[in-house]
Amino acid sequence: MNILVTGGNGQLGMSLKKVHNEFPQYIFYFTDIPEMDINDFDNTNNFVAINKIDTIINCAAYTAVDKAESEAELARKVNGNGAEVLAKITAANNIKLIHISTDYVFNGETCHPIKETDRPDPHSVYGSTKLAGEEAIRNSGCDAAIIRTAWLYSEFGNNFVKTMLRLAKEKDSISVVYDQVGSPTYATDLAKAVMTVIAKGFSGFNLYHFTGEGAVSWYDFAKTIYSFSGINSMKVNAIESWQYPTAATRPSYSVLAKDKIKKLGAEVPYWQDSLKTCLEILNKQ
């Protein structure tokens, strides 16, 4: 099987590169801007045809949540139109599409783990554009599996874990919100879950949720990062969301139910176990 990975330089794309040797039965093609713009139908379609691609894993996304509020057109182009183009290519070539989406498609006002069947209600431009991408894929009729995730981190790119470690070198104290709850997700775990979905096979439209196991606030997540890293000098202050205003509204509750993807056989590690693994790699680097 030949697999095209778009957004290959992002956290998930890099994590797929890290684990792809564990799947010798597949040939991977990793692409990103500028060699492949997912909004360019002809170029992408030609690449799919020439390389006899069987599955596309779309990791390409506009993920600057706050910036999206002022760059709505660009966010829609990547998250909405880009997903629609890939869906059309998938349908035209009779191949399969894995698309990564987000907890931001929900309003975050619930108090129970969010299921795939719960009604989306985004409260930000980012969430709205990601939902538009989901709907374009659903309406295309292509064989697709959408995987929603949340609180992604890794040893690659910019993320909360690396930001906390950087701030520990620059400051003596920081303030972190304690009234937003979710499940930290190690990108390597997500990459392996993606490969499980591919290995199991799918047809039609499919929707899954995947995050780390368990739930935690951003405040407790930060405290755990410092505890596991042996950083005892950093003072972490707990604050409420209103005390840290942002351009985009954050979901207060982002815990996703993962029963469906577990039934496929995907491993869902406890978030603290995966955090320890990531920190060990970062410490070696």
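Here is a short chat about a predicted model, covering its sheet, its helices and its empty spaces.

User: Before we start, what are the ground rules for this model?
Analyst: It's predicted, so to speak of local features we need pLDDT of at least 70, and side-chain atom pairs count only at pLDDT 80 or more, while totals for chains, interfaces and linings use all residues. Residues are numbered from 1 along each chain as its sequence is written, and side-chain values use heavy atoms, with hydrogens and water left out.

User: OK, the sheet. What's the strand order?
Analyst: Six strands make an open sheet, β2-β1-β3-β4-β5-β10, with parallel pairing. Strands (E, at least two residues) and helices (H or I, at least four) are DSSP runs numbered from the N terminus, and two strands pair if DSSP finds at least two bridges between them.

User: Which strands sit at the edges?
Analyst: β2 (27-30) and β10 (205-209), each pairing on one side only. On average, neighbouring strands here are turned by 20° against each other, direction ignored.

User: And how many bridges link β5 to β10?
Analyst: Five, in the parallel sense, with β5 covering residues 143-149. I146 stands opposite L207 in β10.

User: Which strands does α3 touch?
Analyst: Helix α3 (residues 72-93) packs on the sheet against β1 (2-6), β3 (55-58), β4 (96-102) and β5. Its direction makes about 160° with that of β4. Contact means heavy atoms within 4.5 Å; axes are lines fitted to C-alpha atoms, for helices over the stretch in contact, and angles run from 0 to 180 degrees between N-to-C directions.

User: Anything odd in the loop after α3, say at N94? What's its phi?
Analyst: N94 is in the loop between α3 and β4, and its phi is near 55°, a positive value in a residue other than glycine.

User: Where's the cis peptide bond?
Analyst: Between I33 and P34, with omega about 10°. P34 is in the loop between β2 and α2 (41-50).

User: Switching to helices: at what angle do α1 and α6 pack?
Analyst: About 70°, with the axes of α1 (residues 11-19) and α6 (residues 187-200) 8 Å apart. That makes α1 roughly perpendicular to α6, a label for angles of 65 to 115 degrees; under 35 is roughly parallel, over 145 roughly antiparallel and the rest oblique.

User: Which residues make that contact?
Analyst: Among them are L12, L16 and V19 of α1 and L190, A191 and M195 of α6. By class, the contact has seven nonpolar, three polar and two charged residues.

User: What about the second largest pocket, how many residues line it?
Analyst: 15, with T188, D189, K192, E267 and P269 nearest its centre. Helix α6 gives the largest share, six residues. The pocket holds about 210 Å³ of space.

User: And which residues line the largest cavity?
Analyst: Y104, F106, N107, H123, S124, T249, R250 and P251. The space in this cavity is about 40 Å³. On a 1 Å grid over the protein atoms alone, a cavity is a set of points where a 1.4 Å probe fits but cannot get out; a pocket is an open set with protein on both sides within 12 Å along at least five of seven lines, and lining residues have an atom within 4 Å of a point.

Key. Ala, Val, Leu, Ile, Met, Phe, Trp, Tyr, Cys and Pro count as nonpolar, Asp, Glu, Lys and Arg as charged, and the others, Gly among them, as polar. Grid points are joined across faces, edges and corners, and a volume is the space filled by probe spheres set on the points.
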